[in-house]
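Let's take a walk through the inside of a protein model, looking at the empty spaces first and then at the cysteines.

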Amino acid sequence: MAHTKAFSFPYQSLDTTVRLLRVTRGSDGTSIIGHLDTFLLDSPNCPPFKTIAYWGTTHHPTPITLNAHPFPVFTSLYPYLELITSPTYLQSQDPTHPPQYHWIDSICINQRSPTEGSPQVSLMKRIYQQALTVHIYLGPSTLTSKTSLCFIRFLAFKMHEWKKGDKRFQRIRSPRFAHRWKALDELLLHLWWQRVWMLQEFIVATECSLWCGEQSVTWQELISALYALYLRGGSDGTLVSRKAFNSAWNRKRIRRWYTDGPTSTPTTYHLPPTTACPSSMIAYIGDSAASDDRYCIYSLLGMISNSSLSLISQPNYELSVESVFANLVMEFVKQYSSLDVICFSHLFNYSSLPPSKQREGRKLPTWVPGWRAKVEMEVTPVMASQSSSPYIGNFRPLKELPFTASYAASGTSKPHVSFSKDMKALTCKAVMIDVIDGLGGHPPSSTTISQSRSPTNLTLKLPHEEDIFITLARTLLLNRSDRDIKVIYAMPTPDHNHHVILRTPIEYCTPTQWCEQNSQLMVKGSTWVRGLPPPVPPGFKPLKLDKPLSADAKERARKREKDPGPDALKGPTSFLSRFRDTITRMQRRLFVASSGTLGMGPARAQPGDLAVVVLGCSISLVLRKDKRDEYELIGEAYLDGFMSGEVMEDVERGERKVVLLKLV
């Protein structure tokens, strides 16, 4: 929701009504005159109206006149008001229709009234659903914008031919198309895509279009163009930047989930945002920008189910950011009897903030996800979102609904928690598993290892070389058994050379580099790298992992699921791609516990941190004890052999005890 300086404009108070704007040109032909009328949305007297989506931070030097009062508008909005009051635009409209009304948040909502903002935010879903259309206005027309919009129409038209595998269109990757790709990249990097409110603006709308000056493309044309870009390997960063592609693609996928997703049934594994927990959506659009951190949550009210509304309740701008974030955790635990929501703290924490904001971020308890952090997210950003639980969910493609990876570190146990009155502490029941003893290197944040010092680990006998590599491979993949890994390549097997796979360089974080930084980590009395052949020759060409496998390659992989062979070394679903996903995208670091157990923990883990299972949480966690015998949540942990309820079986046998821990 945009903020604007309203001077002393005399807004009349609202209850369940909305203000709609009519604009015309002044008698001088240049000034803009606006008038606000108030209507009940449910009333038959409510006229048809359009809504405008835009991005604005600064104000135009010339105010408009609103109900006979000067009123400042954003610099990015002023050209649109000029457009819809221009003679050319007015002549293009149906003369039999009544004067057009528009709903523009920064004008139609009193931005200076905290009491008005709350009920108006609650009405936004109905506003966008009832609107004739949403105009997404990115600014005046330029040569670059004209090029990009024309190219979008071209890509949308060609998509249908490319789906048939027409190789002639490989020519668009040639240098003579470079200026068009550059123009499209600039359009997809427009700040509007990062605006947190933009999701509601176009996702719940019946119809929307993208405007630059007087030129526009429909949303369907944009979606088709993005899919065409994907089919041509555009997600690899060679045609448009990865940031540009992901920003638009992720939001396109959320709209697809909202409009085409399955209905909620007891057997549904992945649910559309209309039925998913807000935490999943917040995480998936973690790179969005908001002028008020509370908007990270409040902006989703129009896109979540009625059952999830209780997690947020009515927007309350008198509550602090910390209270809003902490209340979401508390309500989540109450409604779903699960603590999985705290797993998002693995990425959304003060260390993910710029240095200048980390002090402010530390005000938040470590068990509360700090949604103010801007994190470029993936379909399944944390281990908890790999789960089949409908209250977390993820945003995998719809065709993958029947497949999911699932963890159950605490078995079927329910959370036993209490919250302090000030919401600064969470007391929970947990089971201690082990102490992190040795840590491998984590390029680029930490290039050196912290060697194991545990007598137990150092005196154990290393198992058969083949077994240790299978354990290592399973750990590096976090033992994810989702659809992609099953079909393409589960993990190195005795039929393939594990050593060569781990030595093969790939982009960003190479196993060769990773091996050099982790090879001397002691695991059960020896280095796990024992017996590795020499690394691959210098100059070995790195494999690109983001380019999708062709249909023929996928079919070949399916036919030889038991013997995937060379596909293990390429494609986004290969072992090596999943290796990079674990190390770089999910920020995991190899560790060995004092008992010799291998695991993957947060990149910021330290020797002496504790690996625990908290009752009611499907993922084991890494905690750090402070001088007051209280614990900070560092992040998620994969601990091999303790992800399917094994620790609760130990409790039943009397081998471990349940203890009370205070998280702060």
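A cavity here is a set of grid points where a 1.4 Å probe fits but cannot get out, and its lining residues are those with an atom within 4 Å of a point. Keep in mind as you look around that this is a predicted model.

With that in hand, turn to the second largest cavity, which encloses about 80 Å³ of space. Its lining draws on Val196, then on a group made up of Ile282, Ile285, Gly286, Ser288, Ala289, Ala290 and Cys296, and finally on Phe348, Trp371, Ala373 and Lys374. Sorted by class, these lining residues come to nine nonpolar, two polar and one charged.

Now move to the largest cavity, whose volume is about 110 Å³. It is lined by 14 residues, and the closest to its centre are Asn349, Tyr350, Gly361, Leu364 and Val368. This lining splits into seven nonpolar, four polar and three charged residues. Taking the whole model, you will find four cavities of 30 Å³ or more.

On to the cysteines. How many disulfides does the structure hold? The count is zero, where a disulfide would need a pair of cysteine sulfur atoms within 2.5 Å. Two cysteines are worth picking out in your viewer. Cys108 has 0% relative accessibility, so it counts as buried. Cys208 is likewise buried, because its relative accessible area is 5% and the cut-off for buried is under 20%.

Note on methods
Residues are numbered from 1 along each chain as its sequence is written. This is a predicted model: local features need pLDDT of at least 70, side-chain atom pairs count only at pLDDT 80 or more; totals for chains, interfaces and linings use all residues. Side-chain values use heavy atoms; hydrogens and water are left out. On a 1 Å grid over the protein atoms alone, a cavity is a set of points where a 1.4 Å probe fits but cannot get out, and a pocket is an open set with protein on both sides within 12 Å along at least five of seven lines; lining residues have an atom within 4 Å of a point. Grid points are joined across faces, edges and corners, and a volume is the space filled by probe spheres set on the points. Ala, Val, Leu, Ile, Met, Phe, Trp, Tyr, Cys and Pro count as nonpolar, Asp, Glu, Lys and Arg as charged, and the others, Gly among them, as polar. Buried means under 20% relative accessible area, exposed over 50%, partly exposed in between (1.4 Å probe, protein chains only).
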